[in-house]
Amino acid sequence: MTTKPHPPLMKKHSQTDLVSRLKTRKILGVGGEDDDGEVHRSKISQMLGNEIKFAVREPVGLRLWILFSAVVFTVMALMALAFPNQLYEVVFDQEQTATSVSIRLYGGAILSLSLIMWNGLYTAEKVIIQWTLLSEACYFAIQFLVTSVTLVELGSLPNAAILLLLSRIFFLTVTLSYYYHLGRRPKKI
């Protein structure tokens, strides 16, 4: 019996075979976009996340705005807690007839929001910053509506209240602008 020698085996070079590489990357789940629109180059970067990309996409002045908001919220909360009657008189140009408990509760709520702002200042996670901005925007919108209704009920329009309403519109616009720019996906080059 004579045995025929087998022909030499042809090795498949998977590194040079494009279809094989694409199939491997698809099985591993890398190379395509994830839910956040990021393209991961390896499984490791997909698992660990990529904080460096976030820092590049952060809008200019965002941290300064959150710091400013945190300071303003803290100061307003402390004023409402310590001097509730004076705060009411400055805004509505009238003496308060009801108890000061409601204004102190308002101060406590504002103090809670200020703690959220301080937390948003020191985090690097995009979702937490977005929720911080969204809670701030909701506060400004609600305060604008409540102050407007109160002024209509009182039938007066003091200068301090007009200034408060205009500042709330301005703050709401800036906050929503940062929220929009933070949520935008970057343009691909």
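Where does UniProt place the feature "transmembrane region"? The record, an unreviewed entry, puts this feature at residues 62-83, 103-121, 133-154 and 160-180. The structure shown here is a predicted model, and the text below looks at how those stretches appear in it.

Start with the overall layout. The protein is built from eight helices and has zero strands, so read from the N terminus its elements simply go α-α-α-α-α-α-α-α. Of its 189 residues, 26% count as buried. The accessible surface adds up to about 13600 Å², and carbon and sulfur atoms account for 67% of that area. As for how the chain meets itself, take the contacts between residues at least 6 apart in sequence: 63% of these join residues at least 24 apart.

Two of the annotated spans can be described end to end. Residues 103-121 are 100% helix and 0% strand, with 27 Å between the end C-alpha atoms. The span 133-154 is likewise 100% helix and 0% strand, and its end C-alpha atoms lie 31 Å apart.

The annotated stretch 62-83 brings in helix α4, which covers residues 62-82. On the surface, L64, L67, V71, V75 and M79 come together as a nonpolar patch, sharing about 410 Å² of accessible area. V75, a member of that patch, sits in α4. Its relative accessible area is 43%, so V75 is classed as partly exposed, a label for values between 20% and 50%.

Just ahead of this helix comes V60, in the loop between α3 (51-57) and α4. V60 counts as exposed because its relative accessibility is 78%, and the cut-off for that class is over 50%. In sequence V60 and H181 are 121 residues apart, yet their C-alpha atoms are 9.8 Å apart in space.

That leaves the other end of the chain, where UniProt's 160-180 stretch brings in helix α8, residues 159-183. Does the length of α8 agree or disagree with what its 25 residues should span? At 1.5 Å a residue the expected span is 36 Å, and the end C-alpha atoms are 36 Å apart, so the two agree. Helix α8 also has a set of buried residues: A161, L164, L165, R168, F171, V174, T175, Y178 and L182. Among them are the charged side chain R168 and the aromatic residues F171 and Y178.

Notes
Residues numbered from 1 in each chain as written. Predicted model: local features only at pLDDT ≥ 70, side-chain atom pairs only at ≥ 80, totals over all residues. Heavy atoms only, no water. Patch = residues over 30% accessible without salt bridge, like charges linked within 9 Å, V, L, I, M, F, W, Y side chains within 5 Å. Areas by Shrake-Rupley, 256 points an atom, 1.4 Å probe, with all protein chains shown as cover. Salt bridge = Lys/Arg side-chain N within 4 Å of Asp/Glu carboxyl O. Helix = DSSP H or I, 4+ residues; strand = E, 2+ residues; numbered from the N terminus. Buried < 20%, exposed > 50% of the residue type's maximum accessible area, 1.4 Å probe, protein only. Contact = heavy atoms within 4.5 Å. Expected span 1.5 Å × (residues − 1). UniProt positions renumbered as here; feature names shortened; annotations may be inferred.
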